[in-house]
Amino acid sequence: MSRRILTFLSIGAIALVTACGGGGSTTSTVAPPSAAASAAASGGAAGGAACAPSDAIPTVTSSMANIAFAPADITAKVGDVIGWTNKDTVQHTATLKSDPSCTTATIGNGQTGALVFSVAGTFEYFCKIHSSMTGKITVT
């Protein structure tokens, strides 16, 4: 009887190994990554962040005064560092509407916060603290 059980277990083990890919050939197809996935992986616009905070000296400047961005509409080039200097007595941010993770830190009076853009496009932005403060950044 124990010989029967051993034979049965052996056949079961062989069947299990074969079913799990231990024998025979298997074919797997993987679709190539889409352009969007490739761009996202490399930090591009298709799914990746369009900008990042920067400590570099701004090449394009704006200010925050009277609870408004001045100028509100900014034009820059890819790689430019856009800086906002706070001339108000209250704190502000500059935050992309399409990607709230793309934001400056909170900027106090007399301080400057900056973002650098890695892709071209038009981006609406606002202050997280004062949502009526809005503007547009055009990056070429």
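## Two open sheets and a nonpolar core

Six bridges join S8 to S9, and these two strands run antiparallel. Strands here are DSSP runs of E with at least two residues, numbered from the N terminus, and two strands pair if DSSP finds at least two bridges between them. This is a predicted model: local features need pLDDT of at least 70 and side-chain atom pairs count only at pLDDT 80 or more, while totals for chains, interfaces and linings use all residues. Residues are numbered from 1 along each chain as its sequence is written, and side-chain values use heavy atoms, leaving out hydrogens and water.

**The four-stranded sheet**
- S8 and S9 belong to an open sheet with the order S4-S9-S8-S6 and mixed pairing.
- At its edges are S4 and strand S6 (95-96), each pairing on one side only.
- Glu 124 has Lys 136 in S9 as its bridge partner.

**The five-stranded sheet**
- Another open sheet follows the order S1-S7-S5-S2-S3, again with mixed pairing.
- Strand S1 (51-53) and strand S3 (69-70) each have a single partner strand, so one side of each lacks a neighbour in the sheet.
- S2 and S5 pair in the parallel sense over five bridges, and Ser 63 stands opposite Thr 85 in S5.

**The core**
- The largest nonpolar core (buried Ala, Val, Leu, Ile, Met, Phe, Trp, Tyr and Cys residues joined through side-chain atoms within 4.5 Å; buried means under 20% relative accessible area with a 1.4 Å probe, protein chains only) has 22 residues.
- Trp 84, Leu 96, Phe 117 and Ile 137 touch the most other members.
- Among the elements giving two or more residues to this core are strand S5 (81-86), strand S7 (112-117) and strand S9 (134-139).
- Not counting residues up to four places away in sequence, Ile 137 touches (heavy atoms within 4.5 Å) residues including Ile 74, Trp 84, Leu 96 and Phe 117.

Methods
Buried < 20%, exposed > 50% of the residue type's maximum accessible area, 1.4 Å probe, protein only.
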